[in-house]
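Me: I've got this structure open and I'd like a close look at a single part of it. Please start with that part and then show me how the rest is put together.

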Amino acid sequence: MGTRKKVHAFVRVKPTDDFAHEMIKYGDDNKSIDIHIKKDLQKGVVNNKQTDWSFKLDGVLHNASQDLVYETVAKDVVAQALDGYNGTIMCYGQTGAGKTYTMTGTTENYKHRGILPRALQQVFRMIEERPTHAITVRVSYLEIYNESLFDLLSTLPCVGPSVTPMTIVENPQGVFIKGLSVHLTSQEEDAFSLLFEGETNRIIASHTMNKNSSRSHCIFTIYVEAHSRTLSDEKYITSKINLVDLAGSERLKKSGSEGRVLKEATYINKSLSFLEQAIIALGDQKRDHIPFRQCKLTHALKDSLGGNCNMVLLTNIYGEASQLEETLSSLRFASRMKLVTTEPAINEKYDAERMVKNLEKELALLKQELAIHDSLANRTLVNYDPMDEIQIAEINSQVRRYLEGTLDEIDIINLRQIQEVFNQFRVVLSQQEQEVELTLRRKYTLIDKNDFAAISAVQKAGLMDVDGHLVGEPDGQGFGLGVTPFSAKPGKKAKSKKMFKEQLRPSTPPPKPVAFEDFKNERGSEINRIFKENKSILNERRKRASETTQRINAIKREMDVTKEALNFQKSLREKQGEYENKGLMIIDEEEFLLILKLKDLKKQYRTEYQDLRDLKAEIQYCQHLVDQCRHRLLMEFDIWYNESFFIPEDIQVSLKPGGSIRPGMVPISRIMSLGEDDQDKFSQLQQTELPEGPDSFSFYNAKVKTEQKHNYLKTMMGFQQAHRK
Ligand code: ADP
Ligand code: MG
């Protein structure tokens, strides 16, 4: 962002033979205008108190040539546009003061050409001076009359008939006029032709459409886009220069209020009043809302007033005393404009096409680099291209096999492959979740915990106690009616195989202690065997430990006895007088044997003690194994018990290792939140199964739902515990 900059405001005085020398004085620096009126001239003209005004501006152009005006007012703005800065030059003033003369100039006389043709010339000259850049120039010419938008270049053959009226559109890049033709011009001459075309249309329109041309605003826009000829340079700049010839600023006097004319006079052209409001708001640092959208003029110029552009106002005034009133209001407008600050900034953009090309180059280079790395690391050629469907399907299959346990590892190849593996994990997971849901929905209708009616129906029927526990034994299939053993009813044998299988189960599960014995002989036999084996090892070690302890105690007792005997021998020797031979103590044989024995006992004691310590460690370890086995045995039993008597078999198949569902992978909340459509299925089934009539329907429905939910929760909790291990 650039630094803040003030709007430049200039005054151009229209040449006249009748210049009011006494009234209008310029400062020595040519930047200020002082106005003085004599008392007697004052009557009724302006506010009756003030006789002197002083305006400080950026330059006063008196008797200035078109050339000088351009140099002073426009040259820098145009030059900066080539560097990416937007620019706006506006001519303001009462009708006839020279706005159009300044902006367009005379089209007959080259010398008197105005800012527009000169700006175009400068742009093309600068383009020639910049061979390093490919610069395109486009122009458009808009007229705003009576809040309507007119395209002054719409008569050109390349512009089709407009279907919809033009609209002002705002986007993050700025404001543009939808429907306004924008013309590419590759050389000065083309640009001039466009300008003349527009000027001609302006005149014609004022006749044919009966427009008062002094009341229209004309905006000639030059759009510049500069791309570096160095292809690696992705940045490019855009800018636009708005050259605005405003409507006449003259005001309408209110009749009958002579003395207060200046205050109450209003613009004939309402949009100028809105322009002034916007300018006042822009000049007021405390204002954060600028009323740009009040009229087409300010809306169209929204990003060209203030903001990030270079801005210049040229106020055209008459130098004659008779026009003093309008001159004063024009100078006031100019002073207000000087309060506005802008923050010129380069409009820099990125060329997407070039960026893609550069990135492609970079990508190719990096791929080569990777190939070199792979060959240095002795890796066989790894493909880094995006995966095709077949490769993705292969990864999906790997993931499935991994989840089933038939594949131990998925080899890492590259980042893309790792990402795809994770992706496929997600795919498989969500498929499995759906499968579980589907299977459960087919099988279960769950009772809603908040469905008090259903719960109380169940409670009333005595099928559930106050704590929510079911009374009596749950029944997997019989809807609480009890199922006749299949053998008892030969007529029912014709039922499906599935039904047949389910009926093989006892209608009431056996008591747990009984079932536990069965389990130990059936699926639990291996764990039970290991459990028993561990237990016998433990017992054996315990026995050995107790034997060792006993031995240690015996040795200890013998050691004590031997020590006592030794002490006795020692005291005896001391009483009898000691024998010494060359410093060596002489002891008798008995004492010597006792010493040897004690030494031997100590050795035994140490060995046994070591053994006991080892045994104790072993016992502790075995105890741990036994505890673990017992725990496992009971847990497996619980699962077996539930599977054998509560979980439907088709779900069991899915839950088995290698089955489509892995326990623990499906959040229990998902399983429990099954929807209503199952209930429909269930009720259909019931109506065929229950001939008792519709009255019993809701009752049984509620009962079964409760049972199923209860059983399911229990089972899933079993699985969760199993997986926490
Ligand atoms: P506006 O557009 O403000 O209504 P014009 O630019 O049409 O005023 O000027 C009115 C007339 O005065 C035109 O004939 C124009 O040629 C002439 N005129 C204005 N300013 C100058 C000037 N600085 N030198 C010569 N003629 C001028
Ligand atoms: Mg004009």
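What follows is a look at strand β8 (133-145), then a wider tour.

Reply: Before we zoom in, keep in mind that this is a predicted model. The protein has 725 residues, with 21 helices and 21 strands, and β8 is one of those strands.

Which strands pair with β8? One is β13 (residues 216-228), which pairs with β8 in the antiparallel sense over 13 bridges. If you want to find that pairing on screen, look for Leu142, which stands opposite Ile219 in β13. Strand β12 (residues 183-185) also pairs with β8, again antiparallel, over three bridges. Here you can pick out Val137, whose bridge partner in β12 is Thr185. Then there's β9 (148-151), which is joined to β8 by four bridges and runs antiparallel to it. Ile144 stands opposite Leu149 in β9.

β8 and β9 make a hairpin, with two residues between the strands. Have a look at Asn146, which sits in the loop between them. Its phi is near 55°, a positive value even though the residue isn't a glycine. Is Asn146 buried or exposed? Its relative accessibility is 66%, and the cut-off for exposed is over 50%, so Asn146 counts as exposed.

Asn30 makes a nice companion to Asn146. It's another non-glycine residue with a positive phi, here about 60°. Asn30 lies in the loop between β3 (24-26) and β4 (32-36). At 39% relative accessibility, Asn30 falls between the 20% and 50% cut-offs, so it counts as partly exposed.

Now go to the other end of β8. What does Arg130 do in the loop between α4 (115-128) and β8? Arg130 forms a salt bridge with Asp83, and their closest N and O atoms are 3.1 Å apart. Side chains of opposite charge can pair when their charged atoms come close. Asp83 lies in the loop between α2 (75-81) and β7 (87-93), so this pair ties together parts that are 47 residues apart in sequence. Both partners are partly exposed: Arg130 has a relative accessible area of 24%, and Asp83 has 36%.

That bridge brings us to the wider picture, with 32 salt bridges in the whole structure. Another one links Glu608 with Arg551, the closest N and O atoms being 2.9 Å apart. Here two helices are involved: Glu608 is in α17 (residues 589-645) and Arg551 is in α16 (residues 525-576), with their positions 57 residues apart in sequence. Glu608 counts as buried at 14% relative accessibility, since the cut-off is under 20%. Arg551, at 39%, counts as partly exposed. There's also a network, in which salt bridges with shared partners join Glu540, Arg541, Arg544 and Glu618. Within it, Arg541 and Glu540 have their closest N and O atoms 2.3 Å apart. Arg541 counts as buried at 17%, while Glu540 counts as partly exposed at 33%.

While you're at helix α17, find Leu596, which is in that helix. Together with Phe592 and Leu593, Leu596 forms a nonpolar patch on the surface, with about 280 Å² of accessible area in total. Leu596 is partly exposed, at 42%.

What about the inside? The largest nonpolar core has 54 residues, and Ile35, Met90 and Leu305 touch the most other members. Helix α7 (residues 270-283) gives the most to this core, with seven residues. Another core, of 44 residues, lies apart from it and includes Val73, Ala81, Val312 and Leu314. Go back to Ile35 and you'll see it touching residues from several stretches of the sequence, among them Met23, Trp53, Phe55 and Leu331.

To finish, here's the protein as a whole. Buried residues make up 42% of it. Among contacts with a separation of 6 or more, 74% are between residues 24 or more positions apart. The protein exposes about 42200 Å², and carbon and sulfur atoms supply 53% of that area.

Note on methods
Residues are numbered from 1 along each chain as its sequence is written. Chains are lettered from A and ligands numbered from 1 in the order in which they are written. This is a predicted model: local features need pLDDT of at least 70, side-chain atom pairs count only at pLDDT 80 or more; totals for chains, interfaces and linings use all residues. Side-chain values use heavy atoms; hydrogens and water are left out. Buried means under 20% relative accessible area, exposed over 50%, partly exposed in between (1.4 Å probe, protein chains only). A nonpolar core is a set of buried Ala, Val, Leu, Ile, Met, Phe, Trp, Tyr and Cys residues joined through side-chain atoms within 4.5 Å. Contact means heavy atoms within 4.5 Å. Accessible areas come from the Shrake-Rupley method with a 1.4 Å probe; for residues, only the protein chains shown count as cover. A salt bridge is a side-chain nitrogen of Lys or Arg within 4 Å of a carboxyl oxygen of Asp or Glu. Patches are made of residues with over 30% relative accessible area and no salt bridge: like charges are joined within 9 Å, nonpolar side chains (Val, Leu, Ile, Met, Phe, Trp, Tyr) within 5 Å. Two strands pair if DSSP finds at least two bridges between them. Lists of a residue's contacts leave out its neighbours within four places in sequence.
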